[in-house]
Amino acid sequence: MRSPIRGLASSDGEEGSARTPLLQSTPRVEAAPACCSARYNLAVLAFFGFFVLYALRVNLSVALVDMVDSNTTLADNRTSKECAEHSAPIKVLHNQTGKRYQWDAETQGWILGSFFYGYIITQIPGGYIASKVGGKLLLGFGILGTAIFTLFTPIAADFGVGALIVLRALEGLGEGVTFPAMHAMWSSWAPPLERSKLLSISYAGAQLGTVISLPLSGIICFYMDWTYVFYLFGIVGIIWFILWIFLVSETPETHKTISRHEKEYILSSLKNQLSSQKSVPWIPMLKSLPLGAIVVAHFSYNWTFYTLLTLLPTYMKEILRFNVQENGLLSALPYFGCWLCMILSGQAADNLRAKWNYSTICVRRVFSLIGMLVSSWASQIHLPLFQEWLGLSLLKV
């Protein structure tokens, strides 16, 4: 099998050929070392950014378990298939100093879902804004805004359900621009044959943020007070913003400490990657079957992902009857597997393309298919009770 290191591609871009992902028409510059490089430093900072992002997103799912008076939820629960209490006795008593609210299942659903009302609004505008002001500032201020709003969550809860719903929707507005902003930055920073690795490193922070924040939120609620969940993650988000602003540059050309070799490597590899077309080809995009297939696949993936992310802790409490400390740990397990798989699959994808000369489209089709089929199979096998409970909760009047 031909090694891509010696040859040049027969297309003008990464996706231009079904046989090779490499570039033509410009001599290849030898790849700059990854260790201590500016592009991998960016990936690490982005990793922690998305770690904070998802910690700010999911902390309410666990904290809400401790915010709601359990008597209210139990009185409203109509399911018959619920487990008996099975938690082992714990020597340290559960802290009960946090204020409790009389919110029924329907109200909790509105609170948990309100984040996505804002989140969906800024997805497409986020990409446009990133092209105008740059991804660095948009991503930074998106996370900063979410962190600040998170600090005010306990106050909003005291004002009432309406105030909390509005606050969560505003957090969604801030987080909605983050992925488009990060895509815009990687379009200037990621060499084609390192794109899978760099993006998987940065976006894996989202899964690890979920893995860490769910059990940590449970521990904080159990031993301290649910209000500290929001204070802790909000402060961490502000600290990350300060590091991001001072250590990250918009492009390789503006980076102060990047080596000349790395800058030439990045710029030469991206020379034929960026389109000079300024207008958005809306009609061809709407008629594109591949784009439509990607939208359907992504919609299907997110349906399961966000349903679990938002409602799994409540399910663990109401049906499986775990306390808040155990709840956070068990709810995090699916996302630990997701994080581990993201890191490994990104490395594997680039190795298949660079060393084994598999086409980019083949690698991405196969990886996407495996991911969708495995998650679908797991959902069918392990989650029928969760689906039944969710349906009954949505039908309550």
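## Briefing: an all-helical predicted model

The chain exposes about 20,300 Å² of accessible surface, and carbon and sulfur atoms hold 69% of that area. The model is predicted. Its secondary structure consists of 16 helices and 0 strands. Of the 397 residues in the chain, 49% are buried.

**Contacts along the chain**
- Take the contacts with a separation of 6 or more: 82% of them join residues 24 or more positions apart.

**Nonpolar core**
- The largest nonpolar core contains 83 residues.
- Helix α1, residues 38–67, gives this core its largest share, with 20 residues.
- Met-67, Trp-103, Met-182, Trp-186 and Trp-244 have the most contacts inside the core.

**Around Trp-186**
- Trp-186 is among the core residues with the most contacts there.
- Leaving aside residues up to four places away in sequence, Trp-186 touches Arg-39, Leu-42 and Ala-43, and also Leu-198, Leu-199, Ser-202 and Tyr-203.

**Cavities**
- The model has 2 cavities of 30 Å³ or more.
- The largest cavity encloses about 60 Å³.
- Its lining consists of Arg-57, Val-58, Ser-61, Leu-112, Phe-115, Phe-116, Arg-168, Leu-309 and Thr-310.
- By class, that lining has 5 nonpolar, 2 polar and 2 charged residues.
- Three helices each supply at least two lining residues: α1, α3 (105–119) and α13 (289–318).
- Helix α1 thus appears in both settings: it provides the largest share of the core, and it helps line the largest cavity.

How values were computed. Residues numbered from 1 in each chain as written. Predicted model: local features only at pLDDT ≥ 70, side-chain atom pairs only at ≥ 80, totals over all residues. Heavy atoms only, no water. Core = buried A, V, L, I, M, F, W, Y, C linked by side-chain atoms within 4.5 Å. Buried < 20%, exposed > 50% of the residue type's maximum accessible area, 1.4 Å probe, protein only. Helix = DSSP H or I, 4+ residues; strand = E, 2+ residues; numbered from the N terminus. Contact = heavy atoms within 4.5 Å. Areas by Shrake-Rupley, 256 points an atom, 1.4 Å probe, with all protein chains shown as cover. 1 Å grid on protein atoms, 1.4 Å probe; cavity = no way out; pocket = protein on both sides within 12 Å on 5 of 7 lines; lining within 4 Å. Points joined across faces, edges and corners; volume = space filled by probe spheres on them. Nonpolar A, V, L, I, M, F, W, Y, C, P; charged D, E, K, R; others polar.
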